[in-house]
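Colleague: Could you take a close look at a single strand for me, and show how it sits in the rest of the fold?

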Amino acid sequence: QVHLEESGGGLVQTGGSLKLSCAFSGRTASSLSMGWFRETPGNEPDFVAAISSSGGTFYVDSVKGRFTISRDNAKNTVDLQMDNLKPEDTALYYCGAGFISGEILRSVYWGQGTQVTVSS
């Protein structure tokens, strides 16, 4: 079993930055790919970014150049640095763990989510 816990959400103005962190635990966690999804009311979670166990990164087109995903297996954390935030980035952000397929993360495990709100 893998446990994921997000932190770092909040309210920020357009153009601002936020850093989300996900602490993970579990025997197999460090061998899994990790990533982030976001969900808006009435919609399914959408893939945002992922990082493989070897450090390969994948992003949805809308965040390329603005978001950076990283992981520290020694500290069991995966971070999402979000810069130049836009109102359309407003969502509930979830940390996920699973495997990469088709350059997106297929998540098996999920965190509880952290809210990001970008004001215009």
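Modeller: Happy to! Let's begin with a pairing: Gly 10 has Val 116 of β11 as its bridge partner. This is a predicted model, where local features need pLDDT of at least 70, side-chain atom pairs count only at pLDDT 80 or more, and totals for chains, interfaces and linings use all residues. Residues are numbered from 1 along each chain as its sequence is written, and side-chain values use heavy atoms, leaving out hydrogens and water.

Strands here are DSSP runs of E, at least two residues long, numbered from the N terminus, and two of them pair if DSSP finds at least two bridges between them. Strand β2 (residues 10-13) runs parallel to β11, with four bridges. Strand β9 (residues 91-101) pairs with β11 in the antiparallel sense over three bridges, and there Tyr 93 is matched with Thr 114.

Along β11 (residues 114-119), Thr 114, Val 116 and Val 118 point to one face and are buried (under 20% relative accessible area, 1.4 Å probe, protein chains only). Gln 115, Thr 117 and Ser 119 point to the other face and are not buried.

The largest nonpolar core (buried Ala, Val, Leu, Ile, Met, Phe, Trp, Tyr and Cys joined through side-chain atoms within 4.5 Å) has 27 residues. Trp 36, Leu 80, Met 82 and Tyr 93 have the most contacts inside this core. Among the elements giving two or more residues to it are β9 and β11. Tyr 93 is in contact (heavy atoms within 4.5 Å) with residues including Gly 113, Thr 114 and Val 116, leaving aside neighbours within four places in sequence.

How values were computed
Buried means under 20% relative accessible area, exposed over 50%, partly exposed in between (1.4 Å probe, protein chains only).
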